[in-house]
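Please open the structure in your viewer and keep the selection panel at hand, since the tour below goes from one selection to the next.

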Amino acid sequence: MATIFTRIVQGEIPCYKIAEDDSYFAFLDINPLAKGHTLVIPKKENDYILKMEDADLSGLILFAKKIGLAIEKVVPCKRIGLTVIGLEVPHTHIHLIPINAISDMEFSRPKLKLTNEELAEICERIKSEL
Ligand code: 5GP
């Protein structure tokens, strides 16, 4: 069965899409730790990043780099934190999170409650920097 992220890529489940190419896809996390919290995924399903083919993994990192630099231009922060957890969704994804302190990467913190309008606005602003 397709993962929830594959269903997002295929347009079956809506998302705030930042960018895609033939192999990769970036979209806003639905439960963000910070404004601009984005997930970057390979379109090819793979549960565990360390099991990706080297070329696919390299491409994923380069795609994430481009998206992260665009987020940085839009969201005031010290830098973009990158992390991979993958305990919830079995489809490799890199979290890109604007951070000012290490605690900003703490996933047990309460998530932001952003309106659809706020998510749409941040999505458009990031896209405009690509
Ligand atoms: P992880 O697998 O890295 O522990 O967490 C999965 C991440 O995916 C979480 O941050 C969660 O908010 C996000 N997520 C789960 N389901 C959806 C969804 O349907 N849409 C979006 N945009 N994000 C999701």
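Begin by selecting the ligand together with its surroundings in this predicted model: there are 16 residues around the ligand, and those that come nearest are L28, D29, E88, H93 and H95.

Next, show the polar atoms. Starting with the backbone, you will find a polar atom of L28 at 2.9 Å from a nitrogen atom of the ligand, while a polar backbone atom of G86 is 3.0 Å from an oxygen atom of the ligand. Then turn to the side chain of H95, where a polar atom lies 2.8 Å from an oxygen atom of the ligand. If you now switch on a surface, keep in mind that the ligand taken alone exposes 520 Å², of which the protein buries 90%.

Hide the ligand for a moment and look at the space it takes, which is the largest pocket. Which elements give two or more residues to the shell around the ligand? Select α1 (4-9) and β2 (24-28), for these are the elements that do so, and note that α1 gives the most, with three residues. Colouring the shell by class will show ten nonpolar residues, four polar residues and two charged residues.

Finally, turn to the aromatic rings, of which the structure holds three pairs. Select F5 and F27, one of these pairs, whose arrangement is edge-to-face, with 5.3 Å from centre to centre and 75° between the planes. Following the chain from one ring to the other shows that this pair links distant parts of the chain, with F5 in helix α1 and F27 in strand β2, 22 residues apart.

How values were computed: Residues numbered from 1 in each chain as written. Predicted model: local features only at pLDDT ≥ 70, side-chain atom pairs only at ≥ 80, totals over all residues. Heavy atoms only, no water. Near = heavy atom within 4 Å. Polar contact = N/O pair within 3.5 Å; in protein donor to acceptor, adjacent residues only side chain to side chain. Areas by Shrake-Rupley, 256 points an atom, 1.4 Å probe, with all protein chains shown as cover. 1 Å grid on protein atoms, 1.4 Å probe; cavity = no way out; pocket = protein on both sides within 12 Å on 5 of 7 lines; lining within 4 Å. Sits in = over half its atoms within 2 Å of the grid points. Helix = DSSP H or I, 4+ residues; strand = E, 2+ residues; numbered from the N terminus. Nonpolar A, V, L, I, M, F, W, Y, C, P; charged D, E, K, R; others polar. Phe/Tyr/Trp six-rings, centres within 6.5 Å; stacked < 30°, edge-to-face > 60°.
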